[in-house]
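The exercises below are meant to be worked with the sequence and the model side by side. Each task is followed by a solution that goes step by step.

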Amino acid sequence: MILTEQKPIEEIIENFGKEKKIFIVGCGGCPEGAETGGIKEINKIKEGLEKAGKKITGTMSIDFLCQKALIRSRVRPRMETIEKSDAVLVLSCGLGVQASTEVLNKICYPALNTKTFGGRITGMWHGSERCDTCGDCLLEYTGGICPYTACPKQLLNGACAGQSNGKCETDPDRDCGWELIYKRLKKLGRLENLYRFIEPRNYSKMLPKEEDRKSKHWALDEEVI
Ligand code: SF4
Ligand code: SF4
């Protein structure tokens, strides 16, 4: 199971900036188990956003947001509403936010931070998305492409000088992660995101909260592996 923690509601509201109409999608897989992304949490966030003046255009929960085919089939009846929304808030790990952005073709904001869990990280579905469990998900800036896993140098503010014809200097068969981010932001009409400065990674954010590290679940997990 992937361990996630909810971002503070104040941070979620601030991240939205001038986005007004928000559609909320939760994940019924790991976040439901971790009590960070189930129906109860969706409703709580909805209430907080409405108090802050946002219009919630709809909410839904999908069993596993790390499974793109499942997202595609489940959102079909809601696509018109999603298209008319300014943005989507996703209550899932980084894999789910990446998969949702690709399928919905809409800017997706992460409501959760994905944390390490003893290094035994895996999505419920083994798709092509990768998350480095940085503990401070920033996928709304990069159009749902993770700079920590798409770029071997983990650059956070644009491509290095080694990029050539859209390929990474470390491997000519590999697409440059920042070229992919540029193309995705262009497609989403969000190229202005490239002007934001992303702060250097704070590795201490990878650690789960102290209370979680003292929980019986944590102790049991440590014992059986
Ligand atoms: S920014 Fe990347 S590494 Fe960090 S939580 Fe999001 S997907 Fe994972
Ligand atoms: S070429 Fe692109 S993906 Fe490769 S290291 Fe430079 S910025 Fe990162």
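A residue is called buried if 20 or more other C-beta atoms lie within 10 Å of its own, exposed if 12 or fewer do, and partly exposed in between, with C-beta atoms placed from the backbone. The model is predicted, so that local features need pLDDT of at least 70 and side-chain atom pairs count only at pLDDT 80 or more, while totals for chains, interfaces and linings use all residues. Residues are numbered from 1 along each chain as its sequence is written, and chains are lettered from A and ligands numbered from 1 in the order in which they are written.

**Exercise 1. Two residues with positive phi**

Determine whether asparagine 105 and threonine 133 are buried, partly exposed or exposed.

Solution. Begin with the location: asparagine 105 lies in the loop between α6 (94-104) and β5, where helices (H or I, at least four residues) and strands (E, at least two) are DSSP runs numbered from the N terminus. Just after α6, asparagine 105 adopts a positive phi of about 55°, and this is a residue other than glycine. Next, count neighbours: asparagine 105 has 15 C-beta neighbours inside 10 Å and therefore counts as partly exposed. Threonine 133 sits in the loop between β6 (112-115) and α7 (147-150), and its phi, near 45°, is likewise positive. Threonine 133 has 21 C-beta neighbours inside 10 Å, so this residue counts as buried.

**Exercise 2. The order of the sheet**

In what order do the 4 strands of the open sheet lie, and which of them stand at the edges?

Solution. Two strands are taken to pair if DSSP finds at least two bridges between them. By this criterion the open sheet has the order β3-β2-β4-β5, with parallel pairing. β3 (55-62) and β5 (108-110) are the edge strands, and because each has a single partner strand, one side of each is left without a neighbour in the sheet. From one strand to the next the twist averages 25°, axes being lines fitted to C-alpha atoms (for helices over the stretch in contact) and angles running from 0 to 180 degrees between N-to-C directions.

Now follow the individual pairings. Strand β2 (residues 21-27) is joined to β4 (residues 87-91) by 5 bridges in the parallel sense; within this pairing isoleucine 22 has alanine 87 as its bridge partner, and isoleucine 24 has leucine 89. β4 and β5 run parallel and are joined by 3 bridges, with valine 90 opposite proline 110 of β5. A separate pairing, antiparallel and with 4 bridges, links β1 (residues 3-6) to β6, and there glutamine 6 stands opposite leucine 112.

**Exercise 3. Burial of β4, α6 and β6**

How many residues of β4 and of α6 are buried, and what covers the buried residues of α6?

Solution. For β4, 5 of its 5 residues are buried, with Ala87, Leu89 and Leu91 on one side and Val88 and Val90 on the other. For α6 the count is 10 of 11, and the buried residues include Leu95, Val97, Ala99, Val103 and Leu104. The cover over the buried residues of α6 includes β2, α4 (68-75), α5 (79-84), β4, β5 and β6, contact meaning that the C-beta atoms of two residues, placed from the backbone, lie within 7 Å. In β6, Leu112 and Thr114 point one way and Asn113 and Lys115 the other, and all are buried.

**Exercise 4. Domains and ligand shells**

Where do the domain bounds fall, and which residues surround ligand 1?

Solution. The domain assignment (bounds come from an automatic or database domain assignment) gives domain 1 as 1-141 + 200-212 and domain 2 as 145-195. Their centres, taken over C-alpha atoms, are separated by 22 Å, and 9 residues of domain 1 are in contact with 7 residues of domain 2.

For the ligands, a residue counts as near if its C-beta atom, placed from the backbone, lies within 6 Å of the molecule. Around ligand 1 are found Gly94, Thr114, Cys131, Asp132, Thr133, Cys134, Cys137, Leu138, Leu139, Cys146 and Tyr148. Of the 14 residues around ligand 2, Cys151, Ala159, Cys160, Cys168 and Cys176 come nearest.
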